[in-house]
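Trainee: I would like a close look at a single part of this model, followed outward to whatever else can be said with care. Please keep the cut-offs explicit as you go.

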There are 2 protein chains.
Amino acid sequence: MDKNNTDIYVQLLKDRGLRVTPQRLQILKYLNIHKNHPDVTTIFTALRKENPALSKTTIYNTLEALAEHGLVQVLTITPTENRFDAGDRMHHHFLCKHCNKIYDIEIECPHLNRMLEGEFKVDEVHGYFKGSCPSCLKENAKNDHIQNKNIKGLKKDTSKC
Amino acid sequence: MDKNNTDIYVQLLKDRGLRVTPQRLQILKYLNIHKNHPDVTTIFTALRKENPALSKTTIYNTLEALAEHGLVQVLTITPTENRFDAGDRMHHHFLCKHCNKIYDIEIECPHLNRMLEGEFKVDEVHGYFKGSCPSCLKENAKNDHIQNKNIKGLKKDTSKC
DNA sequence: TACCTAAGTTGAAATGATTACAAATCGGGT
DNA sequence: ACCCGATTTGTAATCATTTCAACTTAGGTA
């Protein structure tokens, strides 16, 4: 699919009875091109450049609408902010607790059906792995001779890999 | 294990080189008795009754320390607040998006080892299912003839089952 | 094509969870 | 009984998200 073709996103919205607005198209297109699981502020900052009147509330409203209609997934993998993923393809995620980056993980869950058939109505399935990504492991090894950095869990780490 | 015996929690802390304080014992015991995945405010409100001088910051500090040493797990299943689970026994969770209750789910992941052996250093594994719990499904069916309640995703729902 | 109305957008203000910080207190080794 | 570094406390930030009311617009209709 041509991710730059606006017609596709128009159709996605129409198919679900959602009104087509420039903002929704903008956000939908952004998420389909940038598959790095951005948070609201990242999306906002990026899109504001093309559309200075864009409001952060619109990002929240739009993401909620898109999520309700299965066009985006809300990842609650981080302790602090929600992250977003275009589409509804089922896959898992790895969160690096150092650089806060999220990686897609392709693993199937054969026992999942047991859950889907039970007394619960399952709308979403999330597999989250958390730890250190290869890039940060390498970076960490490099710095080991300088100081043995502590690897913490709860707090947001703003350092980048 | 006798969940009311303080000695056990003293030992758990000492084993990990953590200082033993009344607050830590209080919180650790609370989590081991109340397996309903409380959030910080719930823990705080409950424990403040026994100890009126308790500070919410202490709950945050303690939970962070306990999580770092594998005595509690941080669940990022909700879009809004972190929820906590005593122990490090690996199991999954179901979040009811109506009543905000979390259920323990016992499912093993046979393909998990592939992830654990890879280039990523995996410290945590979380399986989150989200949807409607049996209790809310029943409640919802009961109210159907009155009004067809919308089932939303993103926002916090304060209604109780 | 012009119009109407419900739905969508905007920005400012409120809320709520979490963190930062500095002063007071305490655990546990000497 | 002392001491020191770790812990606790309360207050004040900070930051993500929601609320709300006024304004604008998409898209159906005359």
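Looking at α1(B), which residues are exposed on the side other than that of its buried residues?

Mentor: The residues exposed on that side of α1(B) are D7(B) and D15(B), where exposed means over 50% relative accessible area, buried under 20%, and partly exposed in between, with a 1.4 Å probe and protein chains only. This is a predicted model, in which local features need pLDDT of at least 70 and side-chain atom pairs count only at pLDDT 80 or more, while totals for chains, interfaces and linings use all residues. Residues are numbered from 1 along each chain as its sequence is written, chains are lettered from A and ligands numbered from 1 in the order in which they are written, and side-chain values use heavy atoms, with hydrogens and water left out.

Helix α1 of chain B spans residues 6-15, and Y9(B), V10(B) and L13(B) are buried in it. Seen down the axis of α1(B), these buried residues fall within an arc of 105 degrees, so they line one face of the helix; the arc is that of the directions from the helix axis to the C-beta atoms. Among the elements that cover the buried residues are α2 (22-33) and α4 (56-68) of chain B, with contact taken as heavy atoms within 4.5 Å. Helices here are DSSP runs of H or I with at least four residues, and strands are runs of E with at least two, numbered from the N terminus.

At the N-terminal end of α1(B), N5(B) acts as the cap, with a side-chain oxygen 3.0 Å from the backbone nitrogen of D7(B). Just after the helix, G17(B) takes a positive phi of about 70 degrees.

The two helices named as cover, α2 and α4 of chain B, also appear at DNA strand D: together with α4 (56-68) of chain A, each supplies at least two residues of the surface near that strand, a residue being near if one of its heavy atoms lies within 4 Å of the strand. The largest share, four residues, comes from α4(B). In total, 23 residues surround the strand, and the closest are V20(A), Y60(A), T21(B), Q23(B) and T58(B). Of the strand atoms within 4 Å of the protein, 75% belong to sugar or phosphate and the rest to bases.

Several individual atom pairs can be picked out at this surface. A polar side-chain atom of R19(B) lies 2.9 Å from a base nitrogen of DNA strand D, whereas an N or O atom in the side chain of Q23(B) is 2.8 Å from a sugar or linking oxygen. From chain A, a backbone N or O atom of N82(A) lies 2.9 Å from a phosphate oxygen of the strand.

Turning to charged pairs, the structure holds 10 salt bridges over all chains, each being a side-chain nitrogen of Lys or Arg within 4 Å of a carboxyl oxygen of Asp or Glu. One of them joins R114(B) and E108(A) at 3.8 Å, N to O; this pair crosses between chains, from helix α5 (residues 112-116) of chain B to the loop between β4 (102-105) and α5 (112-116) of chain A. R114(B) counts as partly exposed at 44% relative accessibility, as does E108(A) at 48%. Another salt bridge, between R83(A) and E81(A), has an N to O distance of 3.6 Å, and here R83(A) counts as buried at 8% relative accessibility, while E81(A) counts as buried at 15%.

Note on methods. Polar contact = N/O pair within 3.5 Å; in protein donor to acceptor, adjacent residues only side chain to side chain.
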